[in-house]
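Biologist: I should like to learn how to read a protein model feature by feature. May we proceed by question and reply?

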Amino acid sequence: MLKGFREFISRGNVVDMAVGVVMGAAVTSIVNSIVDNLINPLIAMIFGHPDMSSMLCIRFNGAVISFGAILNSVINFLLIAIAVYFFIVVPMNKFREAGSSALKKVMHKDTDDAAADAEEDTRTPDEMQLELLGEIRDLLKEQKDAQLK
């Protein structure tokens, strides 16, 4: 039972999700600071109110519909999306691209056959990585066998 729990916790997707939640909380505090200390003062300079939650309100029979509060939430969402895209997604895509091209260079260095090159281009980086790891395993096994002889 504990072994199963340990395997569940050590799975990559659970760890990735935990990191995502922590990073999301950190990014949220940064974005909230930007909204509170930059966007809202700019709005106050333009419209005379520090935020838009009190603007664009409809009041009827004690009920309040605040389109300004909705607009504040939309701005907050867009800022979070911009921060996540430009500071997390774009750099990670660049790292993956660089890793994939480096892996292709390593794999192409060993083969000169055009047919093999065409076949390699259709494989995913994960498949190429598995093949490269298999070749490393085989070379290490050969070295170990040579040392034992």
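Biologist: How many salt bridges does the structure hold?

Modeller: Please note at the outset that this is a predicted model. The general idea is that side chains of opposite charge can pair when their charged atoms come close. In the present case, the structure holds one salt bridge. Its partners are Asp138 and Arg137, whose closest N and O atoms are 3.2 Å apart.

Biologist: Are Asp138 and Arg137 buried, partly exposed or exposed?

Modeller: Such words rest on relative accessible area: under 20% is buried, over 50% is exposed, and a value in between is partly exposed. Asp138 counts as partly exposed because its relative accessibility is 36%. Arg137, at 55%, counts as exposed.

Biologist: What share of the residues of the chain counts as buried?

Modeller: The chain has 149 residues, and 14% of them count as buried. Its accessible surface comes to about 11,800 Å², and carbon and sulfur atoms account for 67% of that area.

Biologist: How many helices and strands does the chain have, and in what order do the elements run?

Modeller: There are five helices and two strands in the chain. Read from the N terminus, the order is α-α-β-β-α-α-α.

Biologist: In what sense do strand 1 and strand 2 pair?

Modeller: Strand 1 covers residues 57-60. Strand 2 covers residues 63-66, and the two strands pair in the antiparallel sense over four bridges. As one example of a bridge, Cys57 has Ser66 in strand 2 as its partner. The two strands form a hairpin, with two residues between them.

Biologist: What is notable about the phi of Asn61?

Modeller: The general idea is that most residues other than glycine have a negative phi. Asn61 is not a glycine, yet its phi is positive, at about 50 degrees. This residue is found in the loop between strand 1 and strand 2. Asn61 is classed as exposed because its relative accessible area is 71%.

Biologist: Which residues does Ile58 contact, apart from its neighbours within four places in sequence?

Modeller: In general, the side chains of a regular strand alternate between the two faces of the sheet. Ile58 itself belongs to strand 1. Apart from those neighbours, Ile58 is in contact with Ala63, Val64, Ile65 and Phe67. With a relative accessibility of 45%, Ile58 counts as partly exposed.

Biologist: Is Ser66 buried or exposed?

Modeller: Ser66, which lies in strand 2, is buried, because its relative accessible area is 16% and the cut-off is 20%. Its side chain reaches the backbone nitrogen of Ala69 at 3.2 Å. Not counting residues up to four places away in sequence, Ser66 touches Ser53, Met55, Leu56 and Cys57.

Biologist: What share of the contacts in the chain joins residues at least 24 apart in sequence?

Modeller: One begins with contacts between residues at least 6 apart in sequence; of these, 33% join residues at least 24 apart.

Biologist: How many aromatic pairs are there?

Modeller: Two aromatic rings are taken as a pair if their centres lie within 6.5 Å, and planes over 60 degrees apart count as edge-to-face. By this rule there is one aromatic pair. Tyr85 and Phe86 form this edge-to-face pair, with 5.1 Å from centre to centre and 85 degrees between the planes. Tyr85 has a relative accessible area of 44%, so this residue is partly exposed.

Notes
Residues are numbered from 1 along each chain as its sequence is written. This is a predicted model: local features need pLDDT of at least 70, side-chain atom pairs count only at pLDDT 80 or more; totals for chains, interfaces and linings use all residues. Side-chain values use heavy atoms; hydrogens and water are left out. Buried means under 20% relative accessible area, exposed over 50%, partly exposed in between (1.4 Å probe, protein chains only). Contact means heavy atoms within 4.5 Å. Accessible areas come from the Shrake-Rupley method with a 1.4 Å probe; for residues, only the protein chains shown count as cover. Rings of Phe, Tyr and Trp (its six-membered ring) pair if their centres lie within 6.5 Å; planes under 30 degrees apart count as stacked, over 60 as edge-to-face and the rest as tilted. Two strands pair if DSSP finds at least two bridges between them. A salt bridge is a side-chain nitrogen of Lys or Arg within 4 Å of a carboxyl oxygen of Asp or Glu. A polar contact is a pair of N or O atoms within 3.5 Å; within protein, one must be able to donate a hydrogen and the other to accept it, and residues adjacent in sequence count only if both atoms are side-chain atoms.
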